[in-house]
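User: Could you take a close look at the disulfides in this one? I'd like to know what they join and how they sit in the fold.

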Amino acid sequence: MRRLAAVIATASIPLFMISCSSGPGSVSKSDVETKMGGLFHDKSHEDAKSVVCDGDLKAEVDATQSCTITSADSQTWKTTAKVTKVDGDTANYDIEILDKFVSPDDIATNVAKLYSDQVGAAPKSSTCNGLLRGATGANVRCVVTEADGTRWGVTVTTTNVEGDTVNYNMVRDDQPMAS
């Protein structure tokens, strides 16, 4: 395998603001699970295998609900929903993924840059799916496509975490991917 280089990226612990109509006194468990699943897909580029919340989210400022997202590769991600504002029948709440991670878009950008630096030509594209967990040994797979259509697999692995910084290495496969 060919090591492309080590990269440092800031970990993400995003908050997402959601406005949702609530029933009398709460946002249903299924509504919160649906919103969390949608946001997970937006951030990871993959569907969650499951999203399970402990119960309904009370429509009261500062009320919280814990949930667990299980990704396609069976990793679990702890999340919370916290009500920030209630206006009539609408509860506004933030969703937070509690684990540190690097988004696939950030990884793909760095993979493309380092590929270009190492190979001397910019790739046609670089794509990654899944969140890279901020835990030593966690990994995701990416695909770099060259201008002629040749595709290379790249494994991105977390080497360590320092505060809010996730350090990771990228290793390109020795052989291109089969067509």
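Analyst: A disulfide ties Cys 128 to Cys 142, with the sulfurs 2.0 Å apart. Keep in mind that this is a predicted model. The torsion about that S-S bond is 110°, making the link of Cys 128 and Cys 142 right-handed. It's a connection between distant parts of the chain: Cys 128 sits in strand β10 (residues 125-128) and Cys 142 in strand β12 (residues 139-145), 14 residues apart.

Are these two ends buried or exposed? Cys 128 has a relative accessibility of 5%, so it counts as buried, the cut-off being under 20%. Cys 142 is buried too, because its relative accessible area is just 1%.

Now for the other bridge. Cys 53 is bonded to Cys 67, again with an S to S distance of 2.0 Å. Here the angle about the S-S bond is 100°, and the link of Cys 53 and Cys 67 is right-handed. This pair also links distant parts of the chain, with Cys 53 in strand β4 (residues 50-53), Cys 67 in strand β6 (residues 64-70), and their positions 14 residues apart. Both Cys 53 and Cys 67 are buried.

That brings the count to two disulfides. Number the bonded cysteines along the protein chain and the pattern reads 1-2, 3-4. In those terms, Cys 53 pairs with Cys 67, and Cys 128 pairs with Cys 142.

Notes: Residues are numbered from 1 along each chain as its sequence is written. This is a predicted model: local features need pLDDT of at least 70, side-chain atom pairs count only at pLDDT 80 or more; totals for chains, interfaces and linings use all residues. Side-chain values use heavy atoms; hydrogens and water are left out. A disulfide is a pair of cysteine sulfur atoms within 2.5 Å. Helices (H or I, at least four residues) and strands (E, at least two) are DSSP runs, numbered from the N terminus. Buried means under 20% relative accessible area, exposed over 50%, partly exposed in between (1.4 Å probe, protein chains only).
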